[in-house]
Each structure stands twice: as structure tokens, then as C-alpha cells.
Amino acid sequence: LVLVRLAGLLPYIDYFDHHTPWFHFFLAQFFDFYDVERLPEDALGFTFMARRLMWLAAGAILGLTFLLGRSWRDTRTGLVAALLLGNTAFFLTKSFEIRPAVPTAVLLLLSVWLLLLGTRRAVADERGGPARLLASGLALGAATMITQKVAFVGPGYAAIVFWLLLDRRLELPCATRFGLVSVLFAGFALPVV
């Protein structure tokens with residue numbers, strides 16, 4: 001990424017990249033503050049700055065894991081979930097690397113949490129349900145624009161959407177269900193388009 005940025009090349013135009021572009025475009029904004037081409041200390045500084053950003057994202061992952069567990073069950077569930085995640089070797093090694101999967105995980109967790117809250121509010125006929133579903137879709141779309149690996153969660157999301165559309169225990173008219181799914185899809189489509 002550093003060498004490509006210095007050469008003035010753009011992903012998908014001047015070279016092939018198998019990642020969607022937002023992570024590269026985000027990091028590219030910081031090159032204005034570091035002369036990585038000529039100063040080794042700036043190249044090292046850029047690397048440590050990017051790592052610190054990943055540390056913040058890792059903290060957000062733990063925080064969102066807690067919020068999701070608390071929203072799903074209770075505070076104890078959220079704490080146990082965050083503690084278990086924070087003590088796994090994979091999380092500790094991979095979440096501190098400069099990689100698109102780290103901010104993507106933040107956005108995926110945010111999307112699932114907002115989907116849970118939005119669906120509950122919609123079923124309870126409280127205000128804010130559609131807004132949370134829109135934000136959930138936006139987070140999912142943004143995650144997709146960081147890395148295409150989000151496609152692996154597609155079947156799970158599809159199952160949630162079909163549940164929202166088809167579960168007869170939810171006391172929502174079909175038109176309302178379709179509207180909620182449409183809001184979620186519109187949120188997803190905006191970043192992608």
C-alpha cells in the first residue's frame with residue numbers, strides 16, 4: 001500500500017487488489033503527515049500510528065461484544081463474552097495487525113447489535129426501530145466496502161432477514177415487515193453503490 005500510494009497508483013484503476021477500497025482510502029489520508037518515501041523514521045511512525053488505530057478498533061470489538069451480549073441476555077453474558085474473546089490467542093494476535101478485517105469486525109458487530117435493537121423496537125412498536133435498521137444496513141455496507149470477506153456472513157444475515165419476514169410469532173403486518181427489510185437493504189446498498 002505504501003509503495004502503491006507513493007507511485008500515485010489507484011486500486012482497480014492502475015492495479016488489481018482483491019480487497020474493496022475503503023480501508024486503503026482511509027489509511028491513504030494519513031500519508032500526508034508522514035514522508036514514508038524518504039524518511040525511515042516516518043515510515044516507522046506511520047506503521048505505529050496505524051497499529052494504534054487497530055488497537056482502538058480492537059477495544060471497540062470488545063466493547064461491542066459486551067453490548068451485544070448484554071442486549072441479547074444480560075450484563076453477565078456481555079462480560080463473559082468480552083472476557084472470552086479478549087483471551088483468545090487468535091484475537092490477541094490478529095486484531096492488533098494492520099489489516100482490513102479489524103475495522104470490518106467492528107462494523108459487523110455494530111451492524112448485528114443495531115439489527116437486534118432495531119428489530120426489538122419495531123416488534124414492540126417503539127420509535128427508532130427503522131432508524132436502527134437503516135444504521136445496521138449502513139454498517140454492513142461499510143464493512144463490505146472494507147473487505148469482501150463480509151460475504152461469509154451473508155447466509156447468517158439472510159437467515160435473520162427471512163426470520164423477520166416469515167416468523168408468524170412476530171405480531172407485525174407483512175407490509176411492515178417488508179418495509180423494515182427494505183430499510184435494512186437500503187442502508188446496505190448506500191455505501192456499496
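**Notes on a chain of helices**

1. Let's start with a pair of helices. Helix α7 crosses helix α9, and the crossing is right-handed. How far apart are the axes of α7 and α9, and at what angle do they pack? The axes sit 7 Å apart, and the angle is about 35°. Keep in mind as you read on that this is a predicted model.

2. Which residues make the contact between α7 and α9? From α7 come Pro130, Leu133, Leu134, Ser136, Gly137, Leu138, Leu140, Gly141, Ala142, Thr144 and Met145. On the α9 side you'll find Leu180, Val183, Leu184, Ala186, Gly187, Phe188, Leu190, Pro191 and Val192. Sort the residues of this contact by class and you get 15 nonpolar, five polar and no charged.

3. Now step back to the chain itself. How many helices and how many strands does the protein chain have? There are nine helices and zero strands, so reading along the sequence simply gives α-α-α-α-α-α-α-α-α. The C-alpha trace spans about 65 × 40 × 25 Å along its principal axes. The chain has 193 residues, and 37% of them count as buried. If you take contacts between residues at least 6 apart in sequence, 63% of these join residues at least 24 apart.

4. Helix α9 has another partner to look at, α8. Helix α8 covers residues 154-166 and α9 covers residues 174-192. Their axes come within 8 Å and cross at roughly 155°. Why do we call this pair roughly antiparallel? An angle over 145 degrees counts as roughly antiparallel, so the crossing of roughly 155° makes α8 roughly antiparallel to α9. The crossing is right-handed. Its contact has eight nonpolar, no polar and one charged residues.

5. Who meets whom between α8 and α9? Val161, Leu164, Leu165 and Leu166 are the α8 residues, and they meet Arg177, Phe178, Leu180, Val181 and Leu184 in α9. Look back at α7 and you'll spot Leu180 and Leu184 in the contact with that helix as well.

6. Next, the nonpolar core. The largest one has 40 residues, and Phe46, Ile61, Leu107 and Leu180 are those with the most contacts inside it. Which helices each supply at least two residues of this core? They are α2 (22-28), α3 (40-72), α6, α7 (129-146), α8 and α9. The largest share, 10 residues, comes from α6.

7. Ile61 deserves a closer look, being on that list of residues with the most contacts inside the core. Leaving out residues up to four places away in sequence, Ile61 touches Leu85, Phe91, Val102, Ala105, Val106 and Leu109.

8. Try Thr119 next, which lies in helix α6 (residues 101-123). Is Thr119 buried or exposed? Buried means under 20% relative accessible area, and Thr119 has 8%, so it is buried. Setting aside neighbours within four places in sequence, Thr119 is in contact with Leu133, Trp163 and Leu164. Two of those names should ring a bell: Leu133 is in the α7 contact with α9, and Leu164 is in the α8 contact with α9.

9. Here are two aspartates to compare, both in loops. Asp17 lies in the loop between α1 (2-6) and α2. Its relative accessibility is 13%, so Asp17 counts as buried. Apart from residues up to four places away in sequence, Asp17 touches Tyr12 and His24. Asp125, found in the loop between α6 and α7, has a relative accessibility of 70%, so it counts as exposed. Asp125 also has a positive phi of about 60°, although it is not a glycine.

10. Finally, a leucine and an alanine. Leu83 is in helix α4 (residues 75-86), and with a relative accessible area of 54% it is exposed. Leu83 and Leu62 are 21 residues apart along the chain, while their C-alpha atoms are separated by 8.1 Å. Ala135 sits in helix α7, and its 28% relative accessibility makes it partly exposed. From Ala135 to Pro103 is 32 residues in sequence and 16 Å in space, C-alpha to C-alpha.

Conventions
Residues are numbered from 1 along each chain as its sequence is written. This is a predicted model: local features need pLDDT of at least 70, side-chain atom pairs count only at pLDDT 80 or more; totals for chains, interfaces and linings use all residues. Side-chain values use heavy atoms; hydrogens and water are left out. Helices (H or I, at least four residues) and strands (E, at least two) are DSSP runs, numbered from the N terminus. Buried means under 20% relative accessible area, exposed over 50%, partly exposed in between (1.4 Å probe, protein chains only). Contact means heavy atoms within 4.5 Å. Axes are lines fitted to C-alpha atoms, for helices over the stretch in contact, and angles run from 0 to 180 degrees between N-to-C directions. Angles under 35 degrees count as roughly parallel, over 145 as roughly antiparallel, 65 to 115 as roughly perpendicular and the rest as oblique. A crossing is left-handed if the near helix is turned anticlockwise from the far one by less than a right angle, and right-handed if clockwise. Ala, Val, Leu, Ile, Met, Phe, Trp, Tyr, Cys and Pro count as nonpolar, Asp, Glu, Lys and Arg as charged, and the others, Gly among them, as polar. A nonpolar core is a set of buried Ala, Val, Leu, Ile, Met, Phe, Trp, Tyr and Cys residues joined through side-chain atoms within 4.5 Å.
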